[in-house]
Amino acid sequence: AVNGAIMKAVIGHVNTSGWEPTSFGMIAEVVKASSPKLPSRERIIKHPLTMLEFILGAVYSDDQRCRAMDIFRSVEEMYQHIPQADVGHMLEGSEAEEWAALQRRADALECHLNCVEVLIRRKIELSLSFADLRQGCTNEPMAIRSLWNLFRVLGGKYRNAAFWKEFTPELSYLQQHAFAAV
């Protein structure tokens, strides 16, 4: 009950003050202070299932429209504190099933972090949130719009054949993990 109240209070504060990159710094601090590496009594969020729900809920919230590139460092820090998959063996029944589903979403988050890292490294300025990256895997219009924007940005300046040859595997990764609906 306390974990749920803390999550609602933090997310409620962010919802009322607006989702900004600095909000993710605050959320990352809560996650860091809830790290599974800390003794249970010292954690803000004690239950691993609640912790994973909190992280994924904040990152993939439909209310949050921050560019993934702007919040990358905070989300990457939160990802580092995700409870290990083997914690699920300690859970039973519906909690174990929920844990498995959340672990699949955490695996997708890792892929989305890798996608954003490619965009940052290549200096490709796209206005996509983590929710957009997730939706691009199941929502064809979103994936098409995102790919269209990617090619519009890439085509905005001359890029030689060596760039395209080097970028092709990364483009394939982006398509598979962020724009899989097309």
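Phe163 and Phe167 both belong to helix 8, which covers residues 161-178. They are four residues apart, about one turn of the helix. The model is predicted, and its aromatic pairs number three. Phe163, Trp164 and Phe167 together make up one aromatic cluster.

**Ring pairs in helix 8**

- The ring centres of Phe163 and Phe167 are 5.2 Å apart and the ring planes meet at 15°, so this pair is stacked; the cut-off for stacking is under 30 degrees.
- Trp164 and Phe167 form an edge-to-face pair, with 6.2 Å from centre to centre and 75° between the planes; edge-to-face requires an angle over 60 degrees.
- Trp164 and Phe167 are also both in helix 8, where they stand three residues apart, about one turn of the helix.

**Burial of the ring residues**

- Phe163 and Phe167 are both buried.
- Phe167 has a relative accessible area of 0% and is therefore buried, the limit for that class being under 20%.
- Trp164 is partly exposed, because its relative accessibility is 31%, a value that falls between the limits of 20% and 50%.
- The stacked pair of Phe163 and Phe167 thus consists of two buried residues, whereas the edge-to-face pair of Trp164 and Phe167 joins a partly exposed residue, Trp164, to a buried one, Phe167.

**A charge over a ring**

- Arg159 is positioned over the face of Phe163, at 4.9 Å from the ring centre.
- Phe163 therefore has Arg159 over its face and is also stacked with Phe167.

Technical notes
Residues are numbered from 1 along each chain as its sequence is written. This is a predicted model: local features need pLDDT of at least 70, side-chain atom pairs count only at pLDDT 80 or more; totals for chains, interfaces and linings use all residues. Side-chain values use heavy atoms; hydrogens and water are left out. Rings of Phe, Tyr and Trp (its six-membered ring) pair if their centres lie within 6.5 Å; planes under 30 degrees apart count as stacked, over 60 as edge-to-face and the rest as tilted. Helices (H or I, at least four residues) and strands (E, at least two) are DSSP runs, numbered from the N terminus. Buried means under 20% relative accessible area, exposed over 50%, partly exposed in between (1.4 Å probe, protein chains only). A charge sits over a ring if NZ of Lys or CZ of Arg is within 6 Å of the ring centre and within 35 degrees of the ring normal.
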